[in-house]
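Me: I am new to this structure. Please pick one part of it and walk me through that part closely.

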Amino acid sequence: MLVRDWMTRDPVTVSPTTPVMDALKTLKEGNFRRLPVMEGGKLIGITTRKDLKDAMPSKATTLSVWELNYLLSKLTVAEMMARPVITAAEGEYMEDAALRMQEHHVGGLPVLDDSGKLSGIITTMDVLRAFTEILGMREGGPRITLEMPDTPGSLEKATRAIAPSNIISVATYDGRGDRRRFVMRVSGEGSDTVKQRVRDSGITVLD
C-alpha cells in the first residue's frame, strides 16, 4: 500500500504572505486542518488550524477593535508556519509514512513526487482508511483472532483449518513471549463455523 494510493491529491495551499485570517477562512471553508505553504513553486512550510488559532489575541485583551483588526491584518502565515517540513514520498509505503507521523507527533504530511514537487497530503484519516481496508472491514464476514507459536508453519496450519472459508484479510502482532497473534477476516463457505474448526485443530482462538 503506497502513499500515492491514499493521499489527497492537489491540496489547497497558501503563500507565506497570506494573512492568518484568510488562511483560517480557507481551512473553515474546506473543512480541513492543515495548509502547505508554497513559495515560488516550492514547499517551504506547513501551518495548521491550531497554529493559526493560537495566533489570535486572547478574549481578555485590552486592545480596541481597531487595534485588533490592525494587528490581525499584519499577521501572516510566515510567522506561524512550521519549518522545516516533514514530508512523505508518493512511492513510499503507508506504514513508513504513518510511523514518521507518530514519531514526530504530527497529524499530516505533505507528499512530494519524484521530482520533489508537492503532489498531495496524507493525514491520520487516510491512515485509518488504509487500516480498515487492510482488515477488510467493508467486506464483512466473521473476524477471528488466533494465538499461535511464533515459528515457521504456524500460519499454514491456520489456513488449513480455516478452509474451505476464504481469508480476505490477515494482520499480525506480538503475543506473549514466543507466541504471536493473528487477526483474520473470512468469508464464504463454512465461515459461520470457522472458529470451531480452528479450535478443533488445536489452535487457540481468542475471539
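Reply: What follows is a close look at one helix, α4, and its surroundings.

This is a predicted model, in which local features need pLDDT of at least 70, side-chain atom pairs count only at pLDDT 80 or more, and totals for chains, interfaces and linings use all residues. Residues are numbered from 1 along each chain as its sequence is written, and side-chain values use heavy atoms, leaving out hydrogens and water.

Start with the setting. An unreviewed UniProt entry carries the annotation "domain: CBS" for residues 7–63 and 81–137; such annotations may be inferred rather than shown by experiment. Over residues 81–137 the chain is 39% helix and 23% strand. Helices (H or I, at least four residues) and strands (E, at least two) are DSSP runs, numbered from the N terminus.

Now α4 (94–104) itself. Its buried residues are M94, A97 and M101. Seen down the helix axis, these fall within an arc of 70 degrees, so they line one face of α4. That arc is taken from the directions from the axis to the C-beta atoms. Buried means under 20% relative accessible area, exposed over 50%, and partly exposed in between (1.4 Å probe, protein chains only). The face turned away from the buried side carries E95, Q102 and E103, which are exposed.

What does the buried side meet? The buried residues of α4 pack against β4 (88–89), β5, β6 (118–123) and α5. Contact means heavy atoms within 4.5 Å.

Follow M94 across to α5 (residues 124–134), where D126 sits. Beyond its neighbours within four places in sequence, D126 contacts M94, along with W6, M7, T8 and I121. D126 counts as buried because its relative accessibility is 5%. Its side chain reaches the backbone nitrogen of T123 at 2.9 Å. A polar contact is a pair of N or O atoms within 3.5 Å; within protein, one must be able to donate a hydrogen and the other to accept it, and residues adjacent in sequence count only if both atoms are side-chain atoms.

Next, the far end of the helix. Just after α4, H105 takes a positive phi of about 55 degrees. G107 lies in the loop between α4 and β5 (108–112). With neighbours within four places left aside, G107 contacts M101 of the buried set. Its other such contacts are R34, I122, T123 and T124. G107 and M125 stand 18 residues apart in sequence, yet 8.6 Å apart in space, C-alpha to C-alpha.
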